[in-house]
Structures are given as structure tokens and as C-alpha cells.
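User: I am new to this structure and would like a close look at a single part of it. Please pick one strand and explain how it sits among its neighbours.

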Amino acid sequence: MNLGCPTGCPFVLPRPELSAAPGLVRRLAAPPGSGQDYDETKRNMLKLLVLAGIGGAGGGLVGGSIQYAQPPLVGISNFPRVQLLDLDGTALTAAKVTQEYSVNTNDVILFNYPLRNEPNFLLNVGPPTGGSGGATNVPGGIGPKKSIVAYSAICQHLGCPAPAISYYPPGACPQTPGGQAFYIHCTCHGSTYDVTNGASNLTGPAVLPLPQVVLEWNTSDDTIWATGMTPNSPPVNGHFSTLTGDYSVGNQSQLTKQQPIHSCDTFPA
Ligand code: FES
């Protein structure tokens, strides 16, 4: 999408700030002045292929090298039904979400699902209580205004996790991508996602939407549950499938809060 920005747009966070961000994806430092990133996963795969080749030359070492090249497959067979807990450990309810969070919430609110290393944003994109703005009846939204949604907090480009990828409430930056007032943006390379439409792409380089968690609202006790991922969701980035790569979160998953990393550095004035 052409936003009429300078060549540096959309906004990209400088490397020193990124390196200070905690993350699940480990990246290797690029040579000074190269301006390049290295994907550690790809580098490790090359190492394994080299090892397999050495093993082949050694005849009997082949089997051992291939065995070494195959990491143990950890995962689960089905999406679990998981109850979400609030920051204080009590049951999360739609009433709490609509009272505590809204389209204007600046904090990064996360929960892991379905695996322990798969963080997701919990967002209420609806207006604050008694206020206006935001969006209601969004795809997959639950709660009284169908405005509570959850998306993977791992970018679909090269896997930068929250808070390097963060939610931007209205007014976070003076210029908005594609005319969107609020959105998810990844400071690593500038991908932007539409929180009102299944986290579809607003700006690249990512070409896939963020996977969306299927939320269930139990109206009898107002509790909120995660039960799966929407059929159109791609696998969580960095995972062969969303169900492989770590152990299950169990029966409950508690919210955590982080400070977002926002960058409007290259926004036009
Ligand atoms: S990892 Fe590249 S835009 Fe997010």
C-alpha cells in the first residue's frame, strides 16, 4: 500500500531499540554497517545440513547426523478449551474486559494459547464505557458489543514478538496507515494489521494475517474461553503448525501486561 511516505515508511524501529526488546525469536547480530538481518532458524538449518553431509561421508555417521538434525517433536493433537484469567488471577469476564480495556488501551495485554510459547493479544476494540470511537461487531468478536478479539502476537513476517509488535490506539502516531485510526504494527520492518478485520494486512512486508484465536463467551457466567484458531488462520510464525513447538498451556491461561514499543519515527509530519 502506497502511503505517500518517504522511502523509510512505514515506520521501522532502529536496531538498538529492537535489540533491547525481549523476544521469543533469537536473531544474530549483523556485521557492523551491513544493514542486514540474519534469521537464526535458517542459519541453524544450514548447520544441520552440513552436519548431515559430514555424516554421509562417514558412512555410519549418517543415521546419527540425521537423528541429530531432527528436533524432538513437542506439541498437542487438538486445540484445548482454555479459560482466560485476568491479570490478578481471577476469572476473566466480558464485564471486566469492557470495563478495563477499550480501543484506547495503550498497554500490551497478552495470553499464551494453545502452547506456552504462543502469545496472543487480547483486545477490546470497542469504545470505552460511556465513550465513543472504536469498532463493534467485528469478525470473531465476542462480548456485548462483539468487540473483544484475540490475535497472535508474533509477526507473520519474520516472527518479531510483542512488544516489538504492538497495538496502536487512536492517536499513537500522527499519521495512520491506510486511514486506520487504530491497528497492530510491527516495528521490526513495518508490517501493519487491521484489528477490525481478522488482523488482515494493511502494510507489508508480511503477506499473511495474524492468526486469530477463537474466543467463546459463556453468557451464563460471563467467562471467556479460548477454543481454537479460525479456519483462515495461518500457522503461528516459527511453528510447523500452531499445535507443535512447545507444551500446552493447560486448562487456564492468565493475562500478562507489557509496555508497548511504538515508533512513529518515519511518519510524515
Ligand atoms: S518481523 Fe518483519 S515486519 Fe514484523
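Analyst: A good place to start is one residue pair: L123 has V149 in strand 6 as its bridge partner. The model is a predicted one, and the part described here is strand 5, which covers residues 119-124.

On one side, strand 5 is joined to strand 6 by five bridges, and the two run antiparallel. On the other side comes strand 4, residues 108-112, which is also antiparallel to strand 5 and is joined to it by three bridges. In that pairing, F121 of strand 5 stands opposite L110. Strands 4 and 5 are also linked along the chain, by a hairpin of six residues. In general, the strands of a sheet pair through backbone hydrogen bonds, in a parallel or an antiparallel way.

These pairings belong to an open sheet of four strands, in the order 6-5-4-14, with antiparallel pairing. Strand 6 (148-152) and strand 14 (256-258) each have a single partner strand and stand at the edges, so one side of each has no neighbour in the sheet. Neighbouring strands in this sheet are turned against each other by 40° on average, with direction ignored.

What about the cover over strand 5: how many of its six residues are buried? Six of the six are, and the strand is mostly covered. Its residues point two ways: P119, F121 and L123 to one side, N120, L122 and N124 to the other, and all are buried. The two residues met in the pairings, F121 and L123, thus belong to the group that points one way together with P119.

Key
Residues numbered from 1 in each chain as written. Predicted model: local features only at pLDDT ≥ 70, side-chain atom pairs only at ≥ 80, totals over all residues. Pairing = 2+ DSSP bridges. Axes fitted to C-alpha atoms, helices over the stretch in contact; angles between N-to-C directions. Buried ≥ 20, exposed ≤ 12 C-beta atoms within 10 Å, placed from the backbone.
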